[in-house]
Amino acid sequence: MTMTIDAQVEQRRQERRAAAKARATHAITRAHRGTEDDNGRGIQHGFTVTTLDGTPTDFVPVHQRVAYTEEVAALRAHGYDPLGFGYVQRP
């Protein structure tokens, strides 16, 4: 019995996700945090970086509405190599 195209696509996606997770040193999630300066309170958007067991280690600020290439550049500027599927590697 052959797999449907949707099943093949999903299987390949799961394989790529597993490969990214196997190489990853950290996970990232889109987040924001409150900030306070002389002008009052604000919100800073970006990525929360955690170890694979969930311990927060870093925050990488990016604009709320930013292109994917700018997200990648911001992560790389902080020393992270994006692997996809919410995973990054830090050499």
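I started with the exposed residues of α2 and found T69, R76 and A77 on the other side of the helix from its buried ones. I'm keeping in mind that this is a predicted model.

Next I looked up which residues of α2 are buried: E71, V72, A74 and L75. They span an arc of only 160° around the axis, so they sit on the same side of α2. That fits what I know of helices: with 3.6 residues a turn, residues three or four places apart point the same way.

What do the buried residues of α2 pack against? I got β1 (26-37), β2, β3, β4 (81-84) and β5 (87-89). Just past the end of α2, I noted that G79 has a positive phi of about 90°.

Then I went for the largest nonpolar core, which has ten residues: I28, F47, V49, V60, V62, V66, A74, L75, Y80 and V88. Two elements, β2 (40-51) and α2 (68-77), give two or more residues to this core. I also came across a second, separate core of five residues, with A20, A24, A27 and L83 among them.

I picked V49 for a closer look. Beyond its neighbours within four places in sequence, V49 is in contact with H26, A27, I28, T55, P56, T57, D58, V60 and Y80.

Last, the strands. How many bridges join β2 to β3? I found five, and the two strands run antiparallel. Opposite G46 I see P61 of β3. β2 and β3 make a hairpin with four residues between them, and G54 in the turn has a positive phi of about 100°.

Conventions: Residues are numbered from 1 along each chain as its sequence is written. This is a predicted model: local features need pLDDT of at least 70, side-chain atom pairs count only at pLDDT 80 or more; totals for chains, interfaces and linings use all residues. Side-chain values use heavy atoms; hydrogens and water are left out. A nonpolar core is a set of buried Ala, Val, Leu, Ile, Met, Phe, Trp, Tyr and Cys residues joined through side-chain atoms within 4.5 Å. Buried means under 20% relative accessible area, exposed over 50%, partly exposed in between (1.4 Å probe, protein chains only). Contact means heavy atoms within 4.5 Å. Two strands pair if DSSP finds at least two bridges between them. The arc is that of the directions from the helix axis to the C-beta atoms.
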